[in-house]
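Subject: Model handover

Hi,

Here is the structure we talked about. Please open it alongside this note.

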Amino acid sequence: MDLDKASDFMATHARMLDRRRFELLTGEGDRDALLAALNAYRNPDGGYGHGLEPDLRSRTSQPGPALHAFEVFAELAPGTAPEAVALCDWLESVTLPDGGLPFGLHVPDPAGCAPFWAGADPETSSLQITAVVAAMAQRVGGHDKAVAAHPWLDRATRYCLGTVRAGEELHALELAFALWLADAVRDTEIVDLLGKHIPPSGLVHVQGGLEDEMMRPLDFAPQPDRPARALFAPEVVAAELRRLDERQEDDGGWRVDFASYSPAAELEWRGYATVAAVAILTREAPI
């Protein structure tokens, strides 16, 4: 990849939050500045909204943006922030009796929101959103003892792993995010169980997505030296890394391979995707 061009793309097009994430990732950032950028999306109840999830433009606190907040808290390591525990408190307040999170809460301001966010059922637990939020929170818990010990995280993790053990058929996104969670807690039994649903190519079509939208090996196992990475042959991972590197566009940025629901979201996803691509490639070959 051309890191200078990626930097130019971020300066030209990315929202402030992702610019701060990119700066920290490439060794030029400031953790306090990154936390300040994240807190622009924070609500008084301890949750996050205001478009932190690009396709969910609502001002309201929602489970989806909690994922992106935990991503930032993970990137602050080894530093911690009290906002992370406060987010766990908020998540506990909206968790359903079975331990799962609803995919989304009521959206009173749906302008610019994807229909699956605006029309989510707030009374039904979602393995997809619970697993991905809990997985990222578990990563934060690796350096933040208060998050690791929070009762919400234990409840959410038990809900997800219990659902997987029940043997229900999983959507590609549920499969990926449940694998993230099993990987984060190093539950190799669940990792192996989920791995049986992934072909050797690592390609699983996303039902309901774009015609060519796939979950790929680096979507299932983005981090090296983790249990989930062992599901894929080294040559498969190497090919995916080459593919990711080659998908950097002439302007220096990357794109997501799923549909966006507003022009703002499409551009914001590009900044987000560029941070993600650089993170993966630099983990494999550090700057």
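Helix 1 and helix 14 cross in a left-handed way. Keep in mind that this is a predicted model. Helix 1 covers residues 3-13, and helix 14 covers residues 263-284. Their axes lie 10 Å apart, at an angle of about 150 degrees. Angles over 145 degrees count as roughly antiparallel, so helix 1 is roughly antiparallel to helix 14. On the helix 1 side, the contact uses Leu 3, Ala 6, Phe 9, Met 10 and His 13. Helix 14 answers with Leu 267, Arg 270, Gly 271, Thr 274, Val 275 and Val 278. By class, that contact holds seven nonpolar residues, three polar and one charged.

A second helix pair is next. Helix 10 spans 172-184, and helix 11 spans residues 188-195. The axes of helix 10 and helix 11 come within 8 Å and cross at roughly 160 degrees. Helix 10 and helix 11 are therefore roughly antiparallel as well. Their crossing is left-handed. Leu 175, Ala 178, Leu 179, Ala 182 and Asp 183 make the contact from helix 10. Ile 190, Val 191 and Leu 194 make it from helix 11. Seven of these residues are nonpolar, none is polar and one is charged.

Helix 10 also takes part in a pocket. Which elements give two or more residues to the lining of the second largest pocket? They are helix 10 and strand 1, the latter at 204-205. The full lining is Glu 169, Leu 170, His 171, Ala 172, Leu 175, His 197, Val 204, His 205 and Gln 207. Leu 175 is thus in this lining and in the contact with helix 11. The lining divides into four nonpolar, four polar and one charged. The space in this pocket is about 170 Å³.

Two backbone points are left, both in loops. Most residues other than glycine have a negative phi, and most peptide bonds are trans. Where does Pro 78 sit? Pro 78 is in the loop between helix 4 (63-75) and helix 5 (82-94). The peptide bond from Ala 77 to Pro 78 is cis, with omega near 5 degrees. His 50 belongs to the loop between helix 3 (31-39) and helix 4. The phi of His 50 is positive, near 60 degrees, and this residue is not a glycine.

Best wishes

Terms used:
Residues are numbered from 1 along each chain as its sequence is written. This is a predicted model: local features need pLDDT of at least 70, side-chain atom pairs count only at pLDDT 80 or more; totals for chains, interfaces and linings use all residues. Side-chain values use heavy atoms; hydrogens and water are left out. On a 1 Å grid over the protein atoms alone, a cavity is a set of points where a 1.4 Å probe fits but cannot get out, and a pocket is an open set with protein on both sides within 12 Å along at least five of seven lines; lining residues have an atom within 4 Å of a point. Grid points are joined across faces, edges and corners, and a volume is the space filled by probe spheres set on the points. Helices (H or I, at least four residues) and strands (E, at least two) are DSSP runs, numbered from the N terminus. Ala, Val, Leu, Ile, Met, Phe, Trp, Tyr, Cys and Pro count as nonpolar, Asp, Glu, Lys and Arg as charged, and the others, Gly among them, as polar. Axes are lines fitted to C-alpha atoms, for helices over the stretch in contact, and angles run from 0 to 180 degrees between N-to-C directions. Angles under 35 degrees count as roughly parallel, over 145 as roughly antiparallel, 65 to 115 as roughly perpendicular and the rest as oblique. A crossing is left-handed if the near helix is turned anticlockwise from the far one by less than a right angle, and right-handed if clockwise. Contact means heavy atoms within 4.5 Å.
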